Amino acid sequence: MRVLMLSKACLVGAYQTKLEAIARMPDVELTALVPPSWDDPDGRVALERCYTDGYELLVDPIRFNGHYHTYYYPTLPRRLRQFRPDVVHIDEEPYNLATWLAMRQARAVGAKTLFFTWQNLARRYPPPFSLMERQVLAASDYAIMGNREAADIWRAKGYAGPYRVIPQFGVDPVLFSPPAARDAGRAFIIGSANRRLVPEKGVDLLLRAAAGLPGVWRLHIAGDGPALPGLRRLAEELGIAGRVDFDGPIPSDQVPAYLRDLDVLALTSRTLPNWKEQFGRVLIEAMACGVPVIGSRCGEIPHVIGDAGLIIPEEDIDALRAGLLQFMQNDELRREFNRRGRQRVLEHFTQASIAAETVAIYRSLSAPGAAVPLD
């Protein structure tokens, strides 16, 4: 079974471990196509060749780099004719030009197609994107939804085909693993680790909750972004600036060590009219490292945590403070959630488990007349 995956997300080296896991399946011949870089609003993302065993990683130029809705691969028709895939996995939203073109070009060589989506808000797009979206929904053979709400959104928009809910990427449980031991004599360390510090991540709520905690504790806040100056001011106003460390962006290869040093991680996202949490990847990274988590009821967060952490209402500072206090004062509870979190990741959120679910879709598409299951 020959599979071609288009994925600008796989520029990131850590995400390539999923490609290796897919390629280890005995019946899959995988080729991944990525651009040389992506001009993200937060800065250029360059290709990292880190995990490339067992599959071919092709790098082709794209047009309109950095333009999320209109970028595309001009070389894709030639690549399709050369490779002749059975399945084309388009790791992109269905309303984008790259998806629409790839869908048409893949069907021209007789390949089955699937798209991936995170979208958990009912957004409407003007022409021509609305037209491209309708055509992709009608023509696609399968869809992978990154969260449960996305399935409802795309059903309401007219997608009638088969789908499964599978996160885009999992974690490597070897890289993200618990420490051998934690220093029992140190301060209790609370963590927040977001790539971007923006109002929707709710870090201000964590500062306010921490300000009312007794005992010896420190708060580590990773990330950078427009909310950072206001968060620094808030820490000063609350009188806790001496206990708060703003650690800046954490390089991807240092994230496991950063998380392992925490006693609890909080993801206190808040829903806005144009945003809600689509997954919360840092949760599974922390859980894999044996760090208990607290999350708000924003978007997919409760489904990610399940019974392996504490879930609180959005914007509820008192509930957040009470949850932090539970973990501070109860070592047995903390150890129990360390165990639960790690086990939940091993069962549902490793790159290997996500790869296995994805390959099951490929097999269902490539088998003539095979029934394709819904999630």
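**Exercise 1.** How many nonpolar, polar and charged residues does the lining of the second largest pocket have?

*Solution.* Before we start, note that this is a predicted model, where local features need pLDDT of at least 70, side-chain atom pairs count only at pLDDT 80 or more, and totals for chains, interfaces and linings use all residues. Residues are numbered from 1 along each chain as its sequence is written, and side-chain values use heavy atoms, with hydrogens and water left out.

Step 1: recall that a pocket is an open set of points on a 1 Å grid over the protein atoms alone, where a 1.4 Å probe fits, with protein on both sides within 12 Å along at least five of seven lines; lining residues have an atom within 4 Å of a point.

Step 2: find the 15 lining residues; Asp 183, Ala 184, Asp 263, Asp 331 and Arg 334 lie nearest the centre.

Step 3: sort the lining by class, with Asp, Glu, Lys and Arg as charged, and Gly among the polar ones. You get seven nonpolar, one polar and seven charged residues.

**Exercise 2.** Is helix α9 (residues 281-288) largely enclosed or not, and why?

*Solution.* Step 1: helices are DSSP runs (H or I, at least four residues), and strands are E runs of at least two.

Step 2: check for buried residues (under 20% relative accessible area, 1.4 Å probe, protein chains only). Eight of the eight residues of α9 are buried, so this helix is largely enclosed by the rest of the structure.

Step 3: look for the cover, counting contact as heavy atoms within 4.5 Å. It includes β10 (188-196), α8 (255-260) and α12.

Step 4: move just past α9, where Gly 290 takes a positive phi of about 70 degrees.

Notes: Buried means under 20% relative accessible area, exposed over 50%, partly exposed in between (1.4 Å probe, protein chains only).
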